[in-house]
Amino acid sequence: MLLRDSRGIRFAVSQKPYDFRASLGGDHLRKDTEGFLNELQVHARAVYFMNQTHSDHVAFIDGEQSGDDYFGYRIVTDTDAMVTNEKHVALVSRISDCTPVLLYDPAKEAMACIHSGWRSTVKKLPAKALAAMEAHYGTDPEDVLAFIGPCIGPDSFQVGKEVSALWREAFSFAENVIRPDDDDHDLIDMKRTNAGMLEEAGVRAENITVDPADTFTDPRYHSYRLSAPEYGSNALFAILV
């Protein structure tokens, strides 16, 4: 089964004109959040954002009032992944080139919503979120359905050789996701990296869905590298129903 076919979860990644930058203010954030949830045709009794710090930190959303008030919603500090089995609670990952990853366990009815920038990816955050689901909910990785969303693509994500060296230290399959670009730079495939990491952690390859969109070249999405410093923010919303 693919994640899109599961009835226990609703999810999507926003496109323009939605923009989830906090700097636009509370009125804008509430309008876009309510509008996007309406598009998903869901009612959320709570919405959780993350104060994303490119970490490998995983937060549990377990029915308590986790995090701080955030324009009438909640925000969890210093984290880049949230896991929950609470229904009708929306988890949000904001991305502007980084990789949104969603894990769903239909057997235990639990999920993880992940913001996997390159630093979090090389720290193996998606695998750590999966391990948290295993420890907290008894998730079997072979049951997990995964979605890897729009992010900067393999022809656009140019990095210095020092970043490639970190990839080679972290991943046994690094040579399959790194391509030489010039004397000082390589190109890295973030989507294949995250998929490979999840497969090594026990997720079945046939249960992983990868969106092909490249946020740097696809005008439907905001891109940090393309538009900084005046860049917008896409968002992955996920909610158990």
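In the predicted model, the sulfur of Cys 98 lies 8.6 Å from the closest cysteine sulfur, which belongs to Cys 151. A disulfide requires two cysteine sulfur atoms within 2.5 Å, and the separation of 8.6 Å is therefore too far for a bond. Cys 151 is likewise in no disulfide, the nearest cysteine sulfur being that of Cys 98. The structure as a whole holds zero disulfides. Cys 151 has a relative accessibility of 0% and so counts as buried, the limit for this class being under 20% relative accessible area.

Cys 98 also appears in the description of the largest pocket, which has a volume of about 630 Å³. This pocket is lined by 26 residues, of which His 54, Ser 96, Cys 98, His 115 and Tyr 231 are the closest to its centre. Two or more lining residues are given by each of strand S7 (89-95), helix H2 and helix H6 (224-227). When the lining is sorted by class, 13 residues are nonpolar, eight are polar and five are charged.

Helix H3 comprises 13 residues, from 125 to 137. At 1.5 Å a residue, a helix of this number of residues should span 18 Å, and the C-alpha atoms at the two ends of H3 are 18 Å apart, which agrees with the expectation. The buried residues of H3 are Leu 125, Pro 126, Ala 127, Ala 129, Leu 130, Ala 132, Met 133 and Tyr 137. In general, an α-helix has 3.6 residues a turn, so residues three or four places apart point the same way. The cover over the buried residues of H3 includes strands S3 (58-61), S6 (81-84), S8 (99-105) and S9 (110-116), together with helices H2 (118-122) and H5 (190-200). After H3 comes Gly 138, which has a positive phi, near 75°.

Strand S9, one of the elements that cover H3, contains Ile 114. Ile 114 has a relative accessible area of 0% and is therefore buried. Beyond residues up to four places away in sequence, Ile 114 touches Leu 125, Pro 126 and Ala 129, among others; these three residues are included in the buried set of H3. Further contacts of Ile 114 include Asp 80, Ala 81, Ser 93, Thr 99, Pro 100, Val 101 and Leu 103. Between Ile 114 and Ile 61, the C-alpha to C-alpha distance is 13 Å, while the two residues are 53 residues apart in sequence.

Terms used: Residues numbered from 1 in each chain as written. Predicted model: local features only at pLDDT ≥ 70, side-chain atom pairs only at ≥ 80, totals over all residues. Heavy atoms only, no water. Helix = DSSP H or I, 4+ residues; strand = E, 2+ residues; numbered from the N terminus. Expected span 1.5 Å × (residues − 1). Buried < 20%, exposed > 50% of the residue type's maximum accessible area, 1.4 Å probe, protein only. Contact = heavy atoms within 4.5 Å. 1 Å grid on protein atoms, 1.4 Å probe; cavity = no way out; pocket = protein on both sides within 12 Å on 5 of 7 lines; lining within 4 Å. Points joined across faces, edges and corners; volume = space filled by probe spheres on them. Nonpolar A, V, L, I, M, F, W, Y, C, P; charged D, E, K, R; others polar.
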